[in-house]
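Got the structure open in your viewer? Let's take a walk through it, one selection after another.

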Amino acid sequence: MGGSLIQLSATQLVEAMSSGETSAVDVATAHLDRIAEVDGTLHAFLHVDRDGALAAAESVDAKRKAGEVVGPLAGVPLALKDVFTTKGVPTTCGSRILEGWRPPYDATVTRRLKAAGVVVLGKTNMDEFAMGSSTENSAFGATRNPWDISRIPGGSSGGSSAAVASFQAPLAIGTDTGGSIRQPAAVTGIVGVKPTYGGVSRYGLVAFSSSLDQGGPFARNVLDAALLHEVMAGHDPLDATSIEAKTPPVVAAARGAMGDIAGLRIGVVKQLQGDGYQPEVHARFTEAVALLEQGGAEIHEISCPAFDYALPAYYLIAPSECSSNLARFDGMRYGLREGDDGQNGVEQVMAMTRAAGFGPEVKRRIMLGTYALSAGYYDAYYGQAQKVRTLIRRDFEAAFESVDALISPTTPTVAFSLGERVDDPVAMYKADLATLPSSLYGGPAMSLPIGLGEAGMPVGIQLMAAVQRDDLVYRVGAALEAQLLSQWGGQLLDQAPALAGAR
């Protein structure tokens with residue numbers, strides 16, 4: 001069975017381990033071997049913790065053998081985005097300024113994964129400090145899309161999405177600031193979820209934009225994503241932005257207990273389609289809408305005018321917060337230090353460290369954010385952007401008075417070629433056109449694969465719901481997934497090419 005272990009879902013792996021058909025060590029070994037086989041080409045991982053993963057798997061096996069109660073994902077391998085601190089394991093955020101840093105503590109998400117018996121295989125590649133839409137901004141080299149290695153895997157969580165899509169891990173965790181879970185999921189043909197802001201702890205998640213950053217799950221199906229969501233979510237007193245409320249019943253919704261969508265009102269967002277969206281993306285989206293209608297949902301067109309201003313608002317708010325958060329990386333306390341030869345003062349060392357340690361996109365956003373926050377420009381730029389954010393929230397609230405959920409394509413295009421947008425920041429930013437409004441609002445959103453577009457590359461649909469209605473996106477996602485699977489006869493990934501090596 002070893003050769004097929006990497007093809008099993010997280011749910012199937014748990015069943016196989018619980019029945020004694022396989023062990024957590026065998027499962028971890030199969031995925032570590034897959035990483036060794038294909039990741040030289042894909043570069044999804046920045047650090048593979050083979051010894052740590054096998055030790056964690058051995059612990060799960062021992063607990064099962066002793067009859068101890070273990071978590072619902074115990075023994076399942078996972079790829080963790082390199083923005084979550086992991087005690088004693090390199091955490092770089094894809095940046096030279098943190099190269100070689102080994103944190104002395106675990107992020108809350110990391111700690112909850114370990115407590116649940118999830119086997120962390122290693123840390124995945126990402127755009128530096130989560131700033132990007134293609135994982136080409138990593139200081140350690142780009143990640144490639146398993147469907148076509150000449151194309152990007154999305155960003156900033158492209159390492160995590162590529163790891164799941166290439167069967168290097170059945171589960172992964174990414175972070176979503178403006179679409180960095182949903183966009184990579186869409187272009188690699190997997191499921192990705194941005195939970196309600198504050199639903200997953202940000203403690204130990206190295207901050208880019210504090211009012212937007214949110215960790216969330218990647219998986220190859222909706223139920224697996226829900227199981228991981230429940231493991232990682234929940235109130236955390238160490239995080240001031242954490243919601244003091246129970247995690248919505250996402251697993252029950254994904255299992256189908258709440259999966260009937262008959263009579264559910266679903267709104268198609270007028271502003272998130274049309275110009276700039278590839279015809280194939282629109283075609284797959286239209287087909288998915290028809291499936292939802294066949295399932296009994298009521299489809300309505302919804303207009304949210306403020307969504308047209310999400311892109312400029314986001315690219316003032318996020319860089320402003322970034323310029324504040326990244327001020328801590330100064331070469332004085334940890335990480336890279338340049339120019340400390342006794343000839344330079346503190347300010348010169350800081351300047352030389354930041355010049356050498358930060359890449360072009362990070363520098364661009366720090367400068368943009370610092371300018372937007374500066375005296376004389378704050379009200380004209382940052383203040384105005386926050387007013388637009390309020391208008392976007394009001395559009396969402398008004399929409400949810402007439403419909404239960406909103407839908408749109410996840411991305412305007414399929415995965416573009418490596419290098420195609422590197423020298424055109426605005427074109428790169430437009431990859432997140434459809435995902436930005438939900439991030440500015442703070443509600444939950446899911447990307448679900450719905451077919452293939454240009455050159456046989458995956459297309460995703462975005463499902464959005466009101467704050468704390470995460471269960472609703474899983475309910476709609478599970479219902480639509482069931483209809484799609486019946487059409488395809490299996491996962492969308494079954495239609496993928498060799499994925500950089502025989503499965």
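**Stop one: helix 13**

Start by selecting helix 13 and colouring its buried residues, which are Y382, G383, A385, R389, I392, D395, F396, A399 and F400. Keep in mind along the way that this is a predicted model. The helix takes in residues 379-402. It has 24 residues and reaches 34 Å from its first C-alpha to its last, close to the 34 Å expected at 1.5 Å a residue.

What covers those buried residues of helix 13? Show strand 8, helix 10, helix 12 (360-373), strand 9, helix 15 (436-441) and strand 11, which are among the elements doing the covering. Helix 13 packs on a sheet, where it touches strand 7 (265-269), strand 8, strand 9 (405-409) and strand 11 (458-464). Turn the view until you can see helix 13 and strand 9 together: their directions make an angle of about 115°.

**Stop two: the sheet**

Now bring up the whole sheet. It is an open one of eleven strands with mixed pairing, in the order 1-3-2-4-6-5-10-11-9-7-8. Strand 1 (45-48) and strand 8 (298-302) are the edge strands, each pairing on one side only. From one strand to the next, the twist averages 30°.

As a reminder of what holds such a thing together, strands of a sheet pair through backbone hydrogen bonds, either parallel or antiparallel. You can find both senses here if you begin at strand 8 and step inwards.

- Strand 7 and strand 8 run parallel and are joined by five bridges. Pick R265 and you'll find its bridge partner, E298, in strand 8.
- Strand 7 also pairs with strand 9 in the parallel sense, over three bridges. Here G267 stands opposite L406 in strand 9.
- Strand 9 and strand 11 pair in the antiparallel sense over four bridges. Look for S408 opposite Q462 in strand 11.

While you're here, select helix 9 (residues 279-294) as well: with strand 7 and strand 8 it makes a right-handed β-α-β unit. Then pause on strand 9. Five of its five residues are buried, so strand 9 is largely enclosed by the rest of the structure.

For another antiparallel pair, move along the sheet to strand 4 (residues 171-176) and strand 6 (residues 214-219), which are joined by six bridges. L171 has A219 in strand 6 as its bridge partner.

**Stop three: helix 10 and the core**

Next, select helix 10, residues 310-325. Its 16 residues reach 22 Å from first C-alpha to last, close to the 22 Å expected at 1.5 Å a residue. Is helix 10 enclosed or open? Of its 16 residues, 14 are buried, so helix 10 is largely enclosed by the rest of the structure.

In soluble globular proteins, nonpolar side chains tend to be buried together. The largest nonpolar core in this model has 154 residues, and L113, F129 and Y474 touch the most other members. Helix 10 gives this core its largest share, nine residues.

Click on L113 and show what surrounds it. Leaving aside neighbours within four places in sequence, L113 is in contact with L78, L80, V118, V120, I173, L228 and V231.

**Stop four: the loop between strand 3 and helix 5**

Which loop holds F129? Go to the one between strand 3 and helix 5. F129 has a positive phi of about 50° although it is not a glycine, and it is buried, with a relative accessible area of 2%.

Follow the same loop to S156, which sits between strand 3 (119-124) and helix 5 (158-165). A cis peptide bond joins G155 and S156, with omega at about 5°.

S157 is found in this loop too, and it is buried, with a relative accessible area of 0%. Not counting residues up to four places away in sequence, S157 touches K81, T135, G174, T175, S180, I181, P184 and F218.

**Last stop: Q468**

Finish in the loop between strand 11 and helix 16 (470-488), where you'll find Q468. Q468 has a positive phi of about 65° although it is not a glycine. Buried or partly exposed? Q468 is partly exposed, with a relative accessible area of 25%.

Notes
Residues numbered from 1 in each chain as written. Predicted model: local features only at pLDDT ≥ 70, side-chain atom pairs only at ≥ 80, totals over all residues. Heavy atoms only, no water. Helix = DSSP H or I, 4+ residues; strand = E, 2+ residues; numbered from the N terminus. Expected span 1.5 Å × (residues − 1). Buried < 20%, exposed > 50% of the residue type's maximum accessible area, 1.4 Å probe, protein only. Core = buried A, V, L, I, M, F, W, Y, C linked by side-chain atoms within 4.5 Å. Contact = heavy atoms within 4.5 Å. Pairing = 2+ DSSP bridges. Axes fitted to C-alpha atoms, helices over the stretch in contact; angles between N-to-C directions. Right-handed = clockwise from strand over helix to strand, strands pointing away.
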